[in-house]
Amino acid sequence: MSAPESFDPPTTPVPGRGSPLRPLPKLIFASRWLQLPLYLGLIVAQAVYVVHFLVELLHLVEAAFGSKDALQALITSIGYKTTAPVTSLNETVIMLVVLALIDVVMISNLLIMVIVGGYETFVSRMDLEGHRDQPEWLSHVNASVLKVKLATAIIGISSIHLLKTFINADNYTDRVLIAQTVIHIAFLLSAMAIAYTDRLMGPAPHGGKH
């Protein structure tokens, strides 16, 4: 007696999959590549930041070894002013320079998130799945996640700027100090609003309701 024949259930075709786009939708969809020069421009901007970082670091090292010209370049770049002449590196100057270097690094991180995350979200897949250097956040990036991460990065950059201002407070008016503090608080509230809106618009938990 022969074994009964097995029948595979019919598969339901997915409508539209594999079908070529009509000319107008194809043109509109291809217009996303117009963003490519923007991301390439941000890469150039990041290269400029790298050069600026190395120049400031070189001035810091030279000033540590007693170079007056490097010390003056640092004082000018950080906007440090004092009634007493600065003849050597002091703790305040070093702290302001280090904060400026950290500021460059954080802005560079922001650029990376915009370049990589924006390209992956709005232009084309980078096919980094399984790559050992794939950023952890890139595996689940979308427009909402990108907005929250960018808002968080901006808050970090604003915090560094505010700390630099407070350390060098003697060179700023009360109006500037208050304005920067208010702007930083506005960034915080904006990030909280973005995160809350993203949570409201996100999918409801399994078995729960928003």
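Tyr39 counts as buried, at 9% relative accessibility. The model examined here is predicted. Tyr39 belongs to an aromatic cluster, formed together with Trp33 and Tyr119.

A search of the whole structure finds 2 aromatic pairs. In one of them, the ring centres of Trp33 and Tyr119 are 6.3 Å apart and the planes meet at 70°, so the pair is edge-to-face. Trp33 sits in the loop between helix H1 (23-30) and H2, whereas Tyr119 is in helix H4, so this pair ties together parts 86 residues apart in sequence. Tyr39 and Tyr119 also form an edge-to-face pair, with 6.4 Å centre to centre and 80° between the planes. Here the partners lie in helix H2 (Tyr39) and helix H4 (Tyr119), so parts 80 residues apart in sequence are tied together. Burial is uneven within the cluster: Tyr39 is buried, but Trp33 is partly exposed because its relative accessible area is 35%, not under the 20% cut-off for burial.

A charge-ring arrangement involves Arg32 and Phe29. The charged end of Arg32 sits over the Phe29 ring, 3.9 Å from the ring centre.

The overall fold of the protein chain is helical, with 6 helices and 0 strands. From the N terminus on, the order of elements is α-α-α-α-α-α. The protein chain has 210 residues, of which 24% count as buried. Its exposed area is about 15000 Å², and carbon and sulfur atoms supply 66% of that area. Among contacts with a separation of 6 or more, 61% join residues 24 or more positions apart.

Helix H5 covers residues 143-167, 25 residues in total. From first C-alpha to last, H5 reaches 36 Å, close to the 36 Å expected at 1.5 Å a residue. Buried positions occur along H5, including Val145, Leu146, Leu150, Ile155, Ile160 and Leu162. Ala151, Ala153, Gly156, Ile157, Ser158 and Thr165 of H5 are buried as well. Two helices receive these buried residues: H5 packs through them against helix H4 (91-123) and helix H6 (174-201). Helix H4 also carries Tyr119, the partner of Tyr39 in helix H2.

Leu57 provides a further point in helix H2, which spans residues 36-64. Leu57 is partly exposed, with a relative accessible area of 32%. The C-alpha atoms of Leu57 and Leu74 are 9.6 Å apart in space, for a sequence separation of 17 residues.

Definitions and conventions. Residues are numbered from 1 along each chain as its sequence is written. This is a predicted model: local features need pLDDT of at least 70, side-chain atom pairs count only at pLDDT 80 or more; totals for chains, interfaces and linings use all residues. Side-chain values use heavy atoms; hydrogens and water are left out. Helices (H or I, at least four residues) and strands (E, at least two) are DSSP runs, numbered from the N terminus. Buried means under 20% relative accessible area, exposed over 50%, partly exposed in between (1.4 Å probe, protein chains only). Contact means heavy atoms within 4.5 Å. Accessible areas come from the Shrake-Rupley method with a 1.4 Å probe; for residues, only the protein chains shown count as cover. The expected span of a helix is 1.5 Å times one less than its number of residues. Rings of Phe, Tyr and Trp (its six-membered ring) pair if their centres lie within 6.5 Å; planes under 30 degrees apart count as stacked, over 60 as edge-to-face and the rest as tilted. A charge sits over a ring if NZ of Lys or CZ of Arg is within 6 Å of the ring centre and within 35 degrees of the ring normal.
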